[in-house]
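Opening the notebook on this one. I want to look up who touches whom, first between chains and then between domains.

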Amino acid sequence: MKILRKILFYLFLTAYLILCPLIILYALGYIFTPKVEEGFAKTGLVHIETLPASAPISIGNRRYTEKTPATIRNLLSGRYDVKVLLPRYRPWERKVEVEPGKAVNFEKILLMPQKLKIQTLIASTFQDLWPVPKTRYLVLKGGETLGDLKIFEWRNGTVRSMLPEGSPFMAARCVRIFTVKGSSFVLIQAKAPSGMKFLGCQLDKDKPEVEDLSVLFEKGEPQEVLWEGSRPDYLFARYGQDLSRFDLEKMSALPDFLTKIRGFGLFKGKVYALCGSLIVRLGSNAKRGEEALVEKGIFLENLFRGDEKYQIDFISNNKICFLGERGEFFSNVLPYRFVDGGVSGYQTDSDSRKVALWQKERVGVLDFERPEHKKEFFERGPEIDWVFEKGKSIRQAYFVYDAAYLLFCDEDKIFLARVGERDIPPEKLVRVREQSGFFYSEKTGKLYYLEPSRGEFVAADILPEGITFSGVISELEKGTQEVLP
Amino acid sequence: MQRFFETLPGLTSWTLILGLVALSVWMPLVAAIVVIAFMLAWVLRLFYLTIFLFLSYVRLSIEKETDWLGRIRGMDRFKDYLEETRKARREKDWFKRISHWAHRKDMEQLSHAGNIAPRSSEIFHLVVVPVVKESPLVVEANILSIAHNKAFLRQTIIVLAVEGRAEQSVKEGMTQIANQYRDQFMEFLVVEHPDGLPGEARVKGANTSYAARTAAKFFEEKKIPFENVIVSCFDADTVVGPDYFACLTYCFMNCLDRHRASFQPIPVFHNNIWDVPGFARVIETGSSFFQLIETTDPERLVTFSSHSMSFKALVDVGYWSADMISEDSGIFWKSYIHFDGQYQVVPMPVTLSMDIVAAGSWWGSVVSLYKQKRRWAWGVENFPLVMRGFLANKKISFYNKLRHGFKLFEGQVTWAALPFLLTFVGWLPAISAGNEFSSTVLYYNAGRFTQAIFGLSTIALLGTIIMSLRLLPEKKKKFSFFWNLVHGLEWFLVPFILVFLSAMPALDAQTRLMLNKRMEFWVSDKRKI
């Protein structure tokens with residue numbers, strides 16, 4: 001046994017001494033190859049993940065047996081054409097530079113079908129489509145009156161009228177719809193024969209519910225109205241520089257709740273307002289004059305120069321976005337001022353870590369979680385990555401596939417662009433009805449829009465079926481409905 | 001010097017664990033390479049150990065049917081018997097043939113050395129069983145199993161070493177057992193160890209040494225030479241087979257230098273194996289496997305738990321340590337240093353069975369098992385003593401000092417650090433990798449290698465599972481197919497068990513030693529159902 005032990009010990013030791021360096025060298029990318037003079041070379045690799053998966057890969061002239069997601073190893077350094085060719089899908093192709101010891105990573109590649117699967121959801125003519133942000137509702141405008149407004153619930157595909165049958169406001173002309181992200185309560189401004197009407201509407205009721213709140217809006221048409229939650233206790237309406245508070249329970253108004261404001265926002269039961277170059281805060285149910293100072297100083301004076309008005313939006317617990325009248329875009333995160341003007345809108349991703357913002361000619365992504373690069377001489381903070389800069393009239397954008405892509409509308413055409421690949425032109429997907437809105441849901445993976453010729457409400461599959469949660473959600477909701485009395 | 005050696009194992013374990021964590025965060029590239037090198041070493045070692053586990057298991061199987069008593073009687077008439085073995089017909093069965101060959105080889109060596117053993121009728125067995133809180137049921141099962149070794153009953157002296165601080169009910173129970181079984185043995189003593197004797201800690205070694213001294217007086221009175229006595233120190237829950245003492249006697253008689261040797265059986269924990277939670281079963285089977293593997297390397301084997309040795313050697317070295325928790329391994333090191341490196345442990349191809357800790361509830365068993373493992377890991381206290389002993393001793397060769405010292409040190413560090421490194425730290429470079437590392441070839445390949453290595457280790461694990469199922473005793477009650485499947489699949493708990501019930505207690509013990517926080521002897525919870 002002693003001799004056997006010694007033999008085996010030295011055998012294993014030898015095996016280790018031989019295998020260990022070989023494995024480490026291979027792990028670092030070294031291979032033995034007659035293609036180079038030295039006989040061995042340090043290689044690189046390409047890693048590709050696509051949706052849908054199982055797509056064949058070819059690099060250079062060689063077709064690989066591996067299908068996505070795959071790591072193609074042992075590539076000698078050089079320039080390669082990487083192609084992914086899945087039948088019935090548009091080919092995906094990139095030129096890559098493979099360096100020794102380095103990996104080129106293509107994650108979250110979304111392959112688009114050659115022919116998008118489009119389903120007609122409502123075969124009626126609509127003029128416009130407004131998403132109620134961060135909710136499951138879309139408002140479809142069939143005509144000029146309130147009776148022509150429909151509510152579409154994209155999770156379960158149901159549609160119903162905005163107003164209850166027999167509502168006296170059916171014939172009123174829709175002027176404007178105020179929405180707040182995440183709230184199933186909307187405020188409709190309509191012009192009725194009796195005058196301007198303001199109607200509060202609960203979208204999440206089984207039967208439509210509308211409440212006439214016009215009595216609160218004595219001051220007329222506000223520039224901005226905000227509230228919190230789907231059953232708000234208060235509405236806050238800005239008239240010029242004055243902020244009024246409307247108590248929905250008591251049906252009373254408190255005009256001049258705050259005065260001389262340049263903008264305001266709501267967050268966790270508090271009203272934050274920009275007064276001059278001060279930021280103040282008071283409780284939603286506080287009395288007039290109880291505001292507390294949050295921040296002031298030269299810094300804010302420099303940041304909020306002039307007297308423009310701002311929309312103040314708390315996108316997360318510690319991130320606030322400011323959108324000025326002239327399209328200036330600020331945040332409370334360094335370097336604070338991101339765009340000097342021209343921003344017409346923005347959209348956050350599901351985690352509120354990234355913001356897609358658009359101007360007329362360009363659309364980009366601001367990533368607040370961007371890691372710092374150690375080689376930077378100046379600490380820069382996040383920067384906007386402009387994804388597309390050759391637009392003509394960009395008017396909306398959504399994040400797609402975990403914020404790897406942006407869907408945006410430019411001149412009534414919907415494009416899909418990959419974030420971080422500015423040099424690659426975006427893919428055109430569909431046309432939409434002129435000047436109409438569109439909506440994309442990551443949960444269903446569908447793009448909802450109005451078909452250009454007849455204005456029918458349709459949905460196109462952007463993400464492959466089967467990987468989204470919509471089917472699961474429908475089943476869960478059905479189950480819940482069966483259980484509840 | 002003592003503090004330096006006390007600190008070294010714990011410091012090394014922590015440095016390895018935290019060092020690799022820090023390396024994974026700050027230099028993930030280097031850490032990934034270190035992880036690959038480490039994992040490869042581990043998987044090769046695993047296969048290496050599995051081979052020896054298999055060989056040891058085969059040896060156990062070979063000797064299962066051996067007629068030890070027949071061999072002993074043969075050795076009583078050595079010359080004639082040797083001639084008979086030379087001329088004996090070759091066995092048809094391969095196992096028996098190998099056993100016979102090994103036996104004949106040992107006899108030839110004895111004959112050549114001229115160190116023939118005393119006759120078996122002149123060999124006495126002293127069995128010391130320390131008791132502090134064990135129930136009479138547990139101890140009685142032990143005594144009954146010894147009583148089944150019919151050939152040696154009249155040459156066996158049992159000493160129940162009862163702690164003075166034990167409860168009265170325990171003392172009375174031991175006295176009852178002594179009264180009940182006295183007639184079956186040569187003598188049956190109950191020795192009460194007074195509490196708080198100077199120079200003693202509250203440890204098992206103090207109790208057993210006191211009992212052994214009492215037994216020494218008995219042997220002197222009876223004029224029985226110490227050279228003819230084999231002392232066995234059994235845990236209270238030890239259960240031996242009916243051929244245990246025959247095997248022990250054979251190993252003693254067969255040993256070239258029997259007064260410079262301990263005799264180590266293979267401890268298994270089968271008494272209540274089917275009555276305890278699965279994780280306890282897995283870990284104790286793992287302990288048995290470890291001992292099985294150790295027996296294949298007698299040159300580096302150390303006594304563990306229940307063991308036997310020459311009583312003369314025990315007296316010469318001054319009995320078990322009265323101030324150390326790990327008296328079982330401590331007696332080996334004490335003897336090794338005392339005899340200037342001329343001391344060995346002879347592996348016995350026989351098992352003895354003990355209880356797995358069972359505290360009644362699942363969580364209680366977890367806690368008890370943890371404490372037991374921690375107590376076993378407290379064997380690290382030997383390291384500074386051994387190293388100081390080696391430094392002071394000029395007669396032990398440098399090679400042997402290095403070999404033993406390294407094995408002791410490496411064994412402790414591996415025990416504490418390896419499971420953490422395998423289970424957690426191995427994956428850390430990939431998880432903590434920043435963009436810089438995640439855009440390298442190594443990032444993609446490292447995970448692949450780690451997976452491949454774990455796949456290979458699963459093969460070794462499967463071999464271990466099969467051997468464990470064959471080694472385990474018959475189940476007392478019939479289990480359904482589902483439960484049999486569950487018992488086999490329990491082995492996949494190994495990664496969690498290794499970390500929480502093996503590595504963590506070891507790290508705990510090493511850290512205490514490092515920080516100079518002494519441990520008290522903790523008596524395991526063992527119950528008879």
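**Entry 1: chain A against chain B.** I looked up the contact between the two chains and got 23 residues from chain A and 22 residues from chain B. I'm working with a predicted model here, not an experimental one.

Next I checked which elements of chain A make up its side of that contact. At least two residues each come from α1 (2-28), β3 (44-51) and β9 (103-110) of chain A. Which of them gives the most? That's α1(A), with 12 residues on the side that touches chain B.

Then I sorted that side of chain A by class. I noted 14 nonpolar residues, six polar ones and three charged ones.

**Entry 2: the domains of chain B.** Moving on to chain B, I found it divided into domain 1 (69-113) and domain 2, which is written in two pieces, 120-268 and 301-354. I looked up the spacing too: the C-alpha centres of the two domains of chain B lie 29 Å apart.

How many residues does each domain put into their contact? I have 10 residues from domain 1 of chain B and eight residues from domain 2 of chain B.

**Entry 3: the domain 1 side.** On the side of domain 1 of chain B that touches domain 2, two elements give two or more residues: α3 (68-76) and α5 (94-113) of chain B. I put α3(B) down for the largest share, six residues.

Last lookup was the class split for that side of domain 1 of chain B. It comes to five nonpolar, one polar and four charged residues.

Technical notes: Residues numbered from 1 in each chain as written. Chains lettered and ligands numbered in written order. Predicted model: local features only at pLDDT ≥ 70, side-chain atom pairs only at ≥ 80, totals over all residues. Contact = placed C-beta atoms within 7 Å. Helix = DSSP H or I, 4+ residues; strand = E, 2+ residues; numbered from the N terminus. Nonpolar A, V, L, I, M, F, W, Y, C, P; charged D, E, K, R; others polar. Domains from an automatic or database assignment.
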